[in-house]
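Here are some questions on one protein structure, each followed by a short answer. Keep the sequence and the 3D view at hand.

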Amino acid sequence: MSGPELSAQDAISIGSRLAGAQVVAAQPARSGGNNRVFRLEMAKAPPLALKHYPSDGRDRLGQEYDALTFLSRHGMTTTPRPIAKDTDAFCALYQWFDGDAAVLRPQENDADQLADFLIELQKLRDAEGARALRNASASIFSPEEAIAQYEQRLDGLRRASDHHPELRAFIDGSLVPSTTTAIRRLRQRYAELGRDPAAELAPAHRVLSPSDFGLHNALRGDDGRLRFIDFEYFGWDDPVKLLSDTAIHPGSDLPAANANRLIERLTQAFSARDDAFAVRRDVLYPLFGAIWCLIVLNAYLPESRSRRALVAQGGDLTVRLAGQLDKARRLHQTICQRDPDLTPR
């Protein structure tokens with residue numbers, strides 16, 4: 001069952017066994033690049049969600065199931081309740097949430113709902129079982145780790161850009177100059193404060209993070225409230241990274257005013273625990289923005305999952321790559337608009 005495909009009949013069989021109850025039908029729903037979800041119609045109970053995690057070398061099933069178990073145990077109702085799992089079949093059974101994809105019809109109060117959830121989440125930092133949770137996927141605990149991740153991603157895309165002059169022009173003419181300025185300013189600011197940019201963030205200043213979080217992973221119920229799914233990357237992380245990733249994530253595409261509202265509320269909440277938070281936010285935000293530009297451009301890497309996804313969608317790959325480049329340009333422009341000193345001269 002570790003392959004990418006799980007049939008409806010497989011879903012019925014596995015779901016019936018895990019639920020200990022009869023499943024009468026299974027409908028594919030919410031397919032993504034990493035997994036497949038089925039809505040299971042139960043004979044004598046509300047519907048359930050069966051999620052299949054194709055094996056990719058990471059324990060995404062374990063990470064998500066542990067996270068949702070922790071959240072459910074401590075009374076979180078806006079995330080799915082886990083019911084059972086089968087690690088051999090790479091499947092887990094969860095509470096089903098009805099609702100439409102929030103990103104399709106954004107609402108004015110979405111930024112506040114996102115912030116409310118993240119702030120509420122931090123009330124569980126000291127709850128039973130919190131310290132046993134893993135670090136978030138791609139967690140970063142020092143500025144130098146962020147710089148290293150940026151440089152690693154940049155190296156791969158520079159090699160790929162040998163055959164894509166438009167990509168090379170964006171990287172060398174826009175992204176690298178602005179990020180070089182951001183890194184230089186970061187190191188200068190840390191030196192002024194007598195702080196070591198290679199020192200890891202103290203555990204007391206870390207936060208619980210869904211890591212991949214935003215409207216793209218939210219469902220809007222009939223009551224207008226958001227409920228959140230997909231916690232495969234959940235764990236401990238730097239609050240600046242959590243703030244930055246949520247505000248910047250291209251999957252949410254938050255308008256500037258909404259992103260600023262989110263940043264304002266999270267800054268207020270996180271600064272209460274860390275008096276250096278605002279300083280770290282100012283110097284790290286553009287660096288995390290640059291990393292997101294590179295993530296958007298992953299489709300240019302021949303071995304990348306996002307490239308395989310574009311190919312699977314069909315159509316002209318050249319056109320689709322150009323679309324990703326345009327998205328990265330717009331994201332970079334948004335980062336520079338927030339911090340005009342980074343705009344390449």
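Q: In what order do the three strands of the open sheet stand?
A: The model is a predicted one. Strands S6 and S9 stand at the edges, each with a single partner strand, so one side of each is left without a neighbour in the sheet. The pairing is antiparallel, and the order is S6-S8-S9.

Q: Which residue stands opposite Asp100 in S8?
A: S6 and S8, the latter made of residues 218–220, pair in the antiparallel sense over two bridges. Opposite Asp100 in S8 stands Arg220.

Q: How far apart should the ends of helix H10 be, at 1.5 Å a residue?
A: Helix H10 covers residues 317–338, which makes 22 residues. Its end C-alpha atoms are 32 Å apart in the model, and this agrees with the expected span of 32 Å.

Q: Within what arc do the buried residues of H10 fall, seen down its axis?
A: Among the buried residues of H10 are Leu321, Leu325, Ala328 and Ile335. The face turned away from them carries the exposed residues Val319 and Gln337. The buried residues line one face of the helix, because they fall within an arc of 140 degrees.

Q: How many residues apart in sequence are the parts that Arg134 and Asp66 tie together?
A: Arg134 forms a salt bridge with Asp66, with the closest N and O atoms 3.2 Å apart. Arg134 lies in the loop between H3 and H4, and Asp66 lies in helix H2, so the pair ties together parts whose separation in sequence is 68 residues.

Notes
Residues numbered from 1 in each chain as written. Predicted model: local features only at pLDDT ≥ 70, side-chain atom pairs only at ≥ 80, totals over all residues. Heavy atoms only, no water. Helix = DSSP H or I, 4+ residues; strand = E, 2+ residues; numbered from the N terminus. Expected span 1.5 Å × (residues − 1). Buried < 20%, exposed > 50% of the residue type's maximum accessible area, 1.4 Å probe, protein only. Arc of directions from axis to C-beta. Pairing = 2+ DSSP bridges. Salt bridge = Lys/Arg side-chain N within 4 Å of Asp/Glu carboxyl O.
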